[in-house]
Every structure is written in C-alpha cells, then in structure tokens.
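Me: I would like to go through the labels used for this structure and ask what each of them rests on. Where should we start?

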Amino acid sequence: MKKHFETEAIRIQTERSQFSEHSTPLYLTSSFVFDDAEDMRASFAEEKEKNLYSRFTNPNTTEFVDKMVALEGAEAGYAFATGMAAVFGSLAALLNAGDHIVSCNSVFGSTHGLFTKYFPKWQIETTYFKADACHTIEDLITPKTKILYAETPTNPAVDILDLELLGKIAKKHKLILVIDNCFATPYLQNPIAFGADLVIHSATKLIDGQGRVLGGIAVGRSDIIRDIYLFSRNTGPAMSPFNAWVLSKSLETLAVRVDRHCENALKLAQFLETLDVVKQVRYPFLKSHPQYEIAKKQMRQGGNIVAFEVHGGIEAGRHFLNKIKHCSLSANLGDTRTIVTHPASTTHSKLSTEERLETGISDGLIRVSVGLEHIEDIIEDLKQALS
Ligand SMILES: *Cc1c(COP(=O)(O)O)cnc(C)c1O
C-alpha cells in the first residue's frame with residue numbers, strides 16, 4: 001500500500017551506515033571510492049548504482065530527491081543548487097536552437113528574464129499568454145513549440161491556472177508541460193496527476209520554510225529526467241550535500257508547517273475582506289476568488305500567499321510598507337516569518353503601469369507571505385498599518 005504523505009516525507013531515508021544512526025548523517029564528501037578496477041569500470045558504465053562524484057549524486061541529495069519523487073508522484077528527479085538553476089538546467093537540457101516555449105506571462109521574475117533576455121541568444125523564443133486567458137493557448141502553439149510552461153498559484157497576483165486544462169492541451173499537441181509548483185508545494189498540489197511531465201520547485205521557499213538555504217529540484221518522467229541529469233552532470237548546477245541534508249529534514253515537517261501557514265493565510269484573507277480600505281483580496285480558497293472552483297479541484301488548501309489591493313496606488317503601497325512594525329520587508333517568501341512586499345514599487349518597478357497590469361499587478365497590490373507567528377499578531381500588525 002502506498003504510504004501517506006507525512007509518512008513518506010519522514011521515513012524515506014538513506015540506508016543506515018555501520019553506526020546504526022537514527023537520523024541520516026551529513027555526507028560531506030566530494031567523491032567516492034571503488035573496491036577495484038572492475039568495480040570502478042562497472043560503476044562508470046552505470047551497470048551498478050553507485051555514487052561516483054557529488055556533482056552527479058550524493059547520499060544526501062539522493063535522499064532529498066527520493067522524497068520529492070514520492071511526494072510529487074514522479075518517476076525520477078534531480079536536485080539543483082537553486083530554484084533558478086532547476087529552471088535553467090531543465091529547460092537548457094530539453095531545448096534546441098529554434099525551439100519555442102508557450103508560457104504564462106505571470107511567472108517568477110528571473111524565469112521571465114531567462115525567457116525574454118537570454119534564451120533568444122540561442123534562438124529559443126517564448127510567446128506569453130495571460131493567466132486568465134488559458135483558452136488562447138492553442139492559438140499560440142506553432143510546429144516549433146516544445147514546452148508549455150506555467151506556475152500556479154501565480155506570483156504575486158495569486159491567479160490560479162487550470163492544471164487539468166493545461167495537461168489536456170499539452171497532450172493534444174505533444175508538448176512537454178512544465179509546472180513550477182513552488183507556491184503550492186507537493187503537499188498542496190501534484191501537477192503530475194493532471195498531466196504535467198516535469199515539476200520544478202525552488203526548495204528555498206516553503207520546502208526549507210525557515211529562510212536558511214537555497215535549493216531547487218526537477219521531478220517528472222524518467223526519460224526527461226535522464227536528459228536533465230546528463231546535462232547537469234556535465235554542466236555542474238548540483239545541490240550541495242549540506243543543503244540537501246537541511247532540505248530533507250525540512251520535508252519531515254512540511255505537512256504540519258504548511259497546514260498552519262494555510263490556516264493563518266485564510267484567516268488573514270478573511271479579515272482583510274472585512275476592511276473598507278482594502279479594495280480586493282486574492283486568496284485561492286476565498287469564495288470571492290475568480291478561480292475558486294479550480295483551486296478547490298487541484299489544491300488541498302489555498303497556500304500561504306495572500307495578495308490585496310489598497311486604495312491610492314503606489315504611494316498608498318509605500319505608505320503601508322513604512323507603517324509595518326512586526327512583519328518583514330523582504331524579497332523571500334515561504335518563511336516562518338511573515339513577509340510583506342509591494343511589487344509596483346520594488347520587484348516590478350521597472351515596468352510601466354500598463355505592463356504591470358498585464359501580469360495582474362495593480363499599483364496598490366500588496367503581497368503577504370503569511371508566516372507561522374500567532375495569527376492575532378499578524379492581523380494586528382496589518383490592521384495598524386492599514387489604519
Ligand atoms: C523563488 C522562486 C524561484 C527561484 O528560486 P531560487 O531558489 O531563488 O533560485 C523560481 N520560481 C518561483 C515561483 C519562485 O518563487
């Protein structure tokens with residue numbers, strides 16, 4: 001019988017050493033040794049499953065990957081130094097010059113930068129669709145299209161894309177569906193169940209959950225992961241064993257942490273909806289969310305990101321940040337500490353108001369990454385900053 005999420009996250013473990021340790025030790029070693037010439041030959045020929053060198057595999061990264069593969073319902077995976085290394089390494093392994101990507105325009109800023117500024121250097125072009133316009137995707141597909149790429153919930157506007165629909169489109173047109181599942185975590189949403197071929201995570205966010213280490217991972221179909229692995233073992237974006245050790249421990253508590261994150265986020269969203277100074281609140285599990293039904297279909301809970309709009313545009317957003325006392329002003333998200341950001345004056349300030357609106361960011365939009373502090377203290381801080 002397949003074990004439950006919490007059990008897999010805790011009990012999948014590297015084989016015990018001769019010391020009978022209970023918790024997996026840290027294997028800080030760059031390389032591994034062989035018994036004799038034949039052992040070494042067979043290991044390099046991949047006739048044996050053995051660690052050769054930590055740029056390829058290491059017991060700690062393997063444990064982290066094995067857990068993520070089980071938690072996402074994937075066949076295989078590879079762990080990267082950062083989420084962006086996972087995005088770049090995966091796509092660079094799969095794409096050739098002349099290939100085309102169809103992507104949602106509301107993707108992580110550096111991913112957008114990769115598609116817009118760097119991939120064109122290798123004749124890889126991207127066409128964007130808006131988060132609320134998935135019905136237009138098929139019109140954008142050309143004979144050169146190879147990848148369909150999206151995130152859901154999106155950042156920072158918290159739109160929800162219909163994974164089942166994306167899965168059907170990808171299948172019909174024989175595209176590789178790549179989903180960045182960072183905001184949902186494997187606990188809340190499993191895109192592979194809806195037809196995704198590859199799932200990418202920045203483990204830096206809720207998977208670490210405590211703002212300590214960077215990490216990334218790609219999991220999915222074994223033939224795709226094989227290409228990503230071979231590309232990566234030659235190009236070197238591997239996760240460090242130390243970070244893998246931290247992140248594997250973090251997975252043991254992911255379910256309980258994310259449960260509380262979601263409980264706090266829903267309470268905050270419900271509170272914000274009662275305020276007159278707030279124009280609009282966006283949280284997937286609020287009935288007022290335009291894609292509430294889709295969120296209910298594909299997510300276990302609504303996640304930890306709440307976005308809301310204050311009246312008064314950019315100045316009102318800046319004023320709100322200045323009045324915050326307890327929450328952090330920081331670019332990270334998915335931390336134990338609640339973090340507030342104002343995209344229009346920070347991460348998205350280089351775009352024009354019109355360009356921002358294209359990706360769902362109004363000038364007064366505030367994004368809250370709801371943490372694990374007591375909910376009454378979180379609400380109190382936002383309440384006084386909005387008064
Ligand atoms: C943070 C983030 C990334 C990049 O991850 P890093 O670990 O910072 O490189 C990619 N996608 C999403 C959705 C993110 O939030």
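Reply: With the record: UniProt positions are given here in the numbering used for this structure, feature names are shortened, and annotations may be inferred rather than shown by experiment. The model is predicted, so local features need pLDDT of at least 70 and side-chain atom pairs count only at pLDDT 80 or more, while totals for chains, interfaces and linings use all residues. Residues are numbered from 1 along each chain as its sequence is written, and side-chain values use heavy atoms, with hydrogens and water left out.

Me: Which residue does the annotation "modified residue: N6-(pyridoxal phosphate)lysine" cover?

Reply: According to the UniProt record, an unreviewed entry, the annotation covers K205. K205 sits in the loop between β6 (198-202) and β7 (216-220). Helices (H or I, at least four residues) and strands (E, at least two) are DSSP runs, numbered from the N terminus.

Me: Why is K205 called buried?

Reply: Buried means under 20% relative accessible area, exposed over 50%, and partly exposed in between (1.4 Å probe, protein chains only). K205 has 10% relative accessibility, so K205 counts as buried. Apart from neighbours within four places in sequence, K205 is in contact (heavy atoms within 4.5 Å) with F108, C182, N332, L333 and G334.

Me: What makes a residue part of the ligand's surroundings?

Reply: One of its heavy atoms must lie within 4 Å of the molecule. The residues around the ligand are T82, G83, M84, F108, E151, D180, C182, F183, S202, T204, K205 and G215. By class this shell has four nonpolar, five polar and three charged residues. Ala, Val, Leu, Ile, Met, Phe, Trp, Tyr, Cys and Pro count as nonpolar, Asp, Glu, Lys and Arg as charged, and the others, Gly among them, as polar.

Me: How do you know that polar atoms of the protein meet the ligand, and at what distances?

Reply: A polar contact is a pair of N or O atoms within 3.5 Å; within protein, one must be able to donate a hydrogen and the other to accept it, and residues adjacent in sequence count only if both atoms are side-chain atoms. A side-chain N or O atom of D180 is 2.6 Å from a nitrogen atom of the ligand. A polar side-chain atom of K205 lies 2.7 Å from a ligand oxygen, and a backbone N or O atom of M84 lies 2.9 Å from an oxygen atom of the ligand. Taken alone the ligand exposes 380 Å², of which the protein buries 91%; these areas come from the Shrake-Rupley method with a 1.4 Å probe, and for residues only the protein chains shown count as cover.

Me: What makes S362 buried?

Reply: S362 counts as buried because its relative accessibility is 12%. S362 belongs to the loop between α14 (353-358) and β12 (365-369). With residues up to four places away in sequence left out, S362 touches E309, A344 and L357. The side chains of S362 and E309 are joined by a polar contact of 3.4 Å.

Me: Why does D197 count as buried?

Reply: Its relative accessible area is 12%, so D197 is buried. D197 lies in the loop between α8 (185-188) and β6. The D197 side chain reaches the backbone nitrogen of L177 at 2.8 Å and makes a polar contact of 3.0 Å with the side chain of R221. Among the residues that D197 touches are L175, V219 and I224.

Me: What about I224: buried or exposed?

Reply: Buried, because the relative accessibility of I224 is 3%. I224 is in helix α9 (residues 222-235). Beyond its neighbours within four places in sequence, I224 is in contact with L94, I176, D197 and L198. I224 and I176 are 48 residues apart along the chain, and their C-alpha atoms are separated by 9.2 Å.

Me: Why are Q123 and K174 given different exposure labels?

Reply: Q123 has 49% relative accessibility and therefore counts as partly exposed, whereas K174 has 76% and therefore counts as exposed. Q123 is in the loop between α5 (109-118) and β3 (125-129), and K174 is in the loop between α7 and β5 (176-180). Phi of Q123 is near 60°, a positive value in a residue other than glycine. K174, also not a glycine, has a positive phi of about 55°.

Me: Where are P153 and P156 placed, and which peptide bonds precede them?

Reply: P153 lies in the loop between β4 (145-151) and α7 (163-172), and P156 lies in the loop between β4 and α7. The peptide bond from T152 to P153 is cis, with omega near -5°. N155 and P156 are joined by a cis peptide bond with omega about -5°.
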